[in-house]
Every structure is written in structure tokens, then in C-alpha cells.
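What follows is a guided reading of a protein model, for someone who has the coordinates open at the bench. Please keep the display in view while reading.

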Amino acid sequence: MAKLSTPFEIYKLLPQTNCRQCHLPSCLAFATAVLKGAKKLAQCPFLAPEVAAQFAGRVEARTSMDRNMEDVFILLQKDVVAMDLSARAEAVGGRMVGAKLALTCLGKDFFVHPDGTVTSQCHINPWVTVPLLSYVLEGAGENPVGQWVSMRELVDGPTWNALFAHRCEMVLRNLADANSRLFADLIGIFSGRNSAPVFAADIAIILAPLPKVPILICYWRAEDDLESRLSIYFDRSADRNLAVEYLHTLGVGMVSMFAKIGHQHG
Ligand code: SF4
């Protein structure tokens, strides 16, 4: 039997109603999560148990996450073509520039075109553009409530928390340990700002990778026998504006961008 190895192949099995009962914002997000091993087909309550059982053994996880992201991006682009960008602009904290939807992310303008392409003066890659399109298409457009929580406190957060800690928080902590200017650079280059004292952190800065999805980065310096620590917090509303799996994706894309800057500055 043929394997299911792309998000689209899994998506075709699903009801495609985007009802969110699987705690993800769309059937496509669910298909992607199944391919990554974060969800089981049987967790869609509308898929007949015999169908879920029939296909469960045929899901083949992608070894190349970049390839996976490119597939998802193409599917999301098709949904953008069918939508009225101007009707979404206000809800997602963007503005129209001609026919394009402009979103300010990390202080830079990103433009979503009516054909679903994304352009920016920044380096574009699917780790950033997939969350951005998902935010435009599926986000609830809720305003931040000003309450910081860890990823594990968000809906579906426990599934992604360990990976997020490993691929984002640990990498960023190592960068901060090696580069004392890192946080000043992040504030300068990405329009961050210092937060009021919080969680007794030595450094706490706020960045906005999407207009209504702020993050708080807290860093505790090494002290005596204690190693340094770094945690990334989200606004309590974050999981309604962007599925947690895409918060994870966005985090990986962002941290790899910060790593490049860290290397440039030695
Ligand atoms: S539960 Fe999830 S996968 Fe199933 S139909 Fe609803 S949104 Fe789609």
C-alpha cells in the first residue's frame, strides 16, 4: 500500500470543515501534525475509526522538515487566493498597501500578495512564512491580554513543549551565554523593548514576531553553581491567534535568524 508522506495526502482523508475539535485551527494544521507524529489520525473525531485504522500505519513521517513546510506553504497559498485580504487586515493587526496585506513582524514589513506569495526586506523562509499565512488565514484576531504563560500552558502546548525547549530556548540560551550583546542587538534590529521586571529575570525583552503574537524572552545569568537559564513566554491569547505547532515553527525560524546575527557579531 502506498504511504502517506505529504500533508496534502492526509488532508484529503479529512472532512475539511476546520471545526477545531482536534484543538487545531484547521484540517491542514491537523494533517501537518499527523505527519510530524504530534497527532494520530484517530484524534479527528469525524474520521470513521475504520478509516483511521486503515491509514494509520501508512503515515510516513517526513525526514526533511523544510520540504514538509514547503508543501504546507503551497496549500496555504491556495487558501489566500480564495480570501479577501482587505476583510482580514484589521483583525490581524495589518494594513492594506494597494492590493497587498502588510504586517509588521519583528519591526519589519512583510507583504502578503493576493496570489499568496509573501515578500519582505528580510530573508524569507517557510519557517516564517507558514506561520504568517496560518495567522492570516486561521487566527482569531484576539488582542493580547497581557498575561505571560509558558508554552506548556497553551492548548496543545504539552505536545510541543519539549521540542520547543530543545530547538528554541536552549539554542537561544547558548547564544546569549556566548554573546553578551545579543539582547541589545535583538532590541535594536528587531524593534524589541525591555519589559518591566518579571519572573525575577536578569534580562527580559519583548518582541512581536506577529502583530498580535508578542513573546517575552527571559534570561537568568549563571550564578555560583547554577547554570544560566532562558525561557520564552507567550501571551495567554497566543494559541487562539496561531496554533501551537506554528508557534513552535515560528520560534525555530526566529532563533535561526538570531543565530546568524550572533555569528556575525562574533
Ligand atoms: S477535528 Fe480537526 S481534523 Fe477533524 S474535521 Fe475538525 S478541524 Fe478537521
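The residues around the ligand, that is, those with a heavy atom within 4 Å of it, are Pro15, Thr17, Asn18, Cys19, Arg20, Gln21, Cys22, Cys27, Phe30, Cys44 and Pro45. This is a predicted model, in which local features need pLDDT of at least 70 and side-chain atom pairs count only at pLDDT 80 or more, while totals for chains, interfaces and linings use all residues. Residues are numbered from 1 along each chain as its sequence is written, and side-chain values use heavy atoms, with hydrogens and water left out.

Sorted by class, the shell around the ligand holds 7 nonpolar, 3 polar and 1 charged residues, where Ala, Val, Leu, Ile, Met, Phe, Trp, Tyr, Cys and Pro count as nonpolar, Asp, Glu, Lys and Arg as charged, and the others, Gly among them, as polar. The ligand sits in the second largest cavity, in the sense that more than half of its atoms lie within 2 Å of the cavity's grid points. A cavity is a set of points, on a 1 Å grid over the protein atoms alone, where a 1.4 Å probe fits but cannot get out, whereas a pocket is an open set with protein on both sides within 12 Å along at least five of seven lines; lining residues have an atom within 4 Å of a point.

The protein is divided into domain 1 (7–56), domain 2 (82–138) and domain 3 (148–264), with bounds that come from an automatic or database domain assignment. The lining of the largest pocket takes at least three residues from each of domain 1 and domain 3, and among its lining residues are Arg20, His23, Asp239 and Arg240. By class, this lining has 5 nonpolar, 1 polar and 4 charged residues.

Turning to the other pair of domains, 17 residues of domain 2 are in contact (heavy atoms within 4.5 Å) with 20 residues of domain 3. Leu106, Trp127 and Tyr135 supply 46% of the area that domain 2 buries against domain 3, more than any other three residues, buried area being the accessible area (1.4 Å probe) that two parts lose on being put together, summed over both.
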